[in-house]
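User: Could you take a close look at one helix for me and walk me through how its sides are used? I'd also like to hear which parts of the model to go easy on.

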Amino acid sequence: MRPAELERVTVAEAADRYVELVRARTLTGALSPATAEVYARDVATLVDLAGGDRVLDDLTGQDIDAVLLAFARKPDGRRTGTGTGSGSGSGSGSSDGAGVGGGGSRGQSPSSQARFRRSVSALFKHALLAGWVQLDPMTVSTITARQRDGLRPERRALTREQAQGLIGAARSLEEAPREGRRDQRMEPRDALIVLLLSTMGPRVSELVRANVEDFYTNDGVRYWRIFGKGGRTRDVPLPQAVAEALDAYLERGRPLVSGKATGSDAKALLLSWRGRRLARGAVQGVIDRVQALVDPAQRRSVTPHGLRHTTATHLLADAVDMDAVRRVLGHSDLSTLGRYRDELPGELEVAMRVHPLLRDHKRGG
């Protein structure tokens with residue numbers, strides 16, 4: 001219930017209180033620390049763009065429009081072309097939803113803009129309940145996804161041919177010529193990374209957080225216990241080809257560098273050749289190296305989050321139960337799946353050609 005009286009707090013004061021509340025939620029497991037810091041960063045950006053000394057309740061829909069557009073134009077330092085690393089584990093981290101390609105001068109990626117809007121909206125929803133604002137200005141903001149050239153200017157998911165080309169390249173890595181020192185050969189690891197991302201769709205944070213002990217066998221089936229957002233876990237069975245890639249890496253890849261790992265790194269599934277837990281920013285470099293092996297006719301650049309879209313899109317297109325797909329991706333709500341489902345070329349034609357109501361129809365019957 002809303003308080004009876006309005007509290008005229010400044011934007012900066014409201015931001016401080018809200019961030020304190022968000023960080024407190026990590027103690028109960030309601031939010032992961034990484035997610036809380038994303039909210040904190042976005043709220044700090046709002047303070048900079050809107051003006052910390054302004055009263056929060058004085059912000060109008062036009063002010064929010066100006067903030068959203070100003071954020072969209074801000075250079076994105078993660079997209080300068082220097083963050084895709086060589087897989088050494090020393091690259092800088094990148095957001096789970098980082099956008100595709102481009103230099104920093106191009107402004108924020110569509111996914112970053114969408115994330116920022118969600119963060120600001122969450123702040124104002126809390127402000128309305130807390131009695132800091134009379135009206136949520138997000139409800140009268142006129143900057144929509146379409147007016148900002150869309151939140152997804154190009155499809156993220158790979159087509160079936162593109163995905164199969166990438167998976168085929170990953171599975172062929174074991175046969176590729178090997179150069180350099182034996183303890184620096186990362187082919188089994190790179191193959192496993194691409195197969196896990198493209199067939200199981202984990203968040204990149206879940207991938208690099210994985211430990212060897214998170215993979216187990218039950219009744220002859222290999223499972224991955226994935227530790228996701230908000231302290232939630234899910235046990236997902238590995239496709240046979242992925243289980244084989246995991247075994248190959250554990251037998252012939254990881255032991256070569258595991259002797260260098262110390263502390264928490266010793267438990268990590270994915271290691272750099274230096275024996276450190278693989279950094280989030282290095283995953284894109286792995287994908288790019290495997291993509292270089294794909295036939296140019298099937299090749300298209302893709303991010304780790306784009307491979308998450310690929311998993312969801314093709315599982316749903318193949319009529320896999322929606323709740324099963326939700327559990328694979330680690331979502332608590334079925335409605336979230338809509339964000340991960342891309343259209344596939346020709347899928348409407350296929351749906352009509354194999355219409356369930358006409359499968360048993362006989363001519364002249």
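Analyst: Here's a walk along helix H1, followed by a neighbouring helix pair and the confidence picture.

Keep in mind that this is a predicted model. H1 covers residues 11-25, so to speak a run of 15 residues by the DSSP assignment. From first C-alpha to last, H1 reaches 21 Å, close to the 21 Å expected at 1.5 Å a residue.

Now for the sides. Buried in H1 are Val 11, Ala 14, Ala 15, Tyr 18, Val 19 and Val 22. Looking down the axis of H1, those buried residues fall within an arc of 125°, so they line one face of the helix. That fits the general pattern: an α-helix has 3.6 residues a turn, so residues three or four places apart point the same way. On the face turned away from the buried side of H1, you'll find Asp 16 and Glu 20, both exposed.

What sits over the buried residues? The cover includes helix H2 (33-50) and helix H4 (110-130). H4 also pairs up with helix H3 (residues 61-73): their axes come within 10 Å and cross at roughly 150°, and the crossing is right-handed. H3 brings Ile 64, Val 67, Leu 68, Phe 71 and Ala 72 to that contact, while H4 brings Ser 112, Gln 113, Arg 115, Phe 116, Arg 117 and Phe 124.

As for confidence, the chain averages a pLDDT of 79, with 74% of the residues at 70 or above. Residues 79-104 stay under 50, though the model gives them 60 contacts beyond four places in sequence. Residues 145-154 are below 50 too, with 21 contacts beyond near neighbours in sequence. Where pLDDT is low, the predicted coordinates should not be read in detail.

Methods: Residues are numbered from 1 along each chain as its sequence is written. This is a predicted model: local features need pLDDT of at least 70, side-chain atom pairs count only at pLDDT 80 or more; totals for chains, interfaces and linings use all residues. Side-chain values use heavy atoms; hydrogens and water are left out. pLDDT is the predictor's confidence in each residue, from 0 to 100. Contact means heavy atoms within 4.5 Å. Helices (H or I, at least four residues) and strands (E, at least two) are DSSP runs, numbered from the N terminus. The expected span of a helix is 1.5 Å times one less than its number of residues. Buried means under 20% relative accessible area, exposed over 50%, partly exposed in between (1.4 Å probe, protein chains only). The arc is that of the directions from the helix axis to the C-beta atoms. Axes are lines fitted to C-alpha atoms, for helices over the stretch in contact, and angles run from 0 to 180 degrees between N-to-C directions. A crossing is left-handed if the near helix is turned anticlockwise from the far one by less than a right angle, and right-handed if clockwise.
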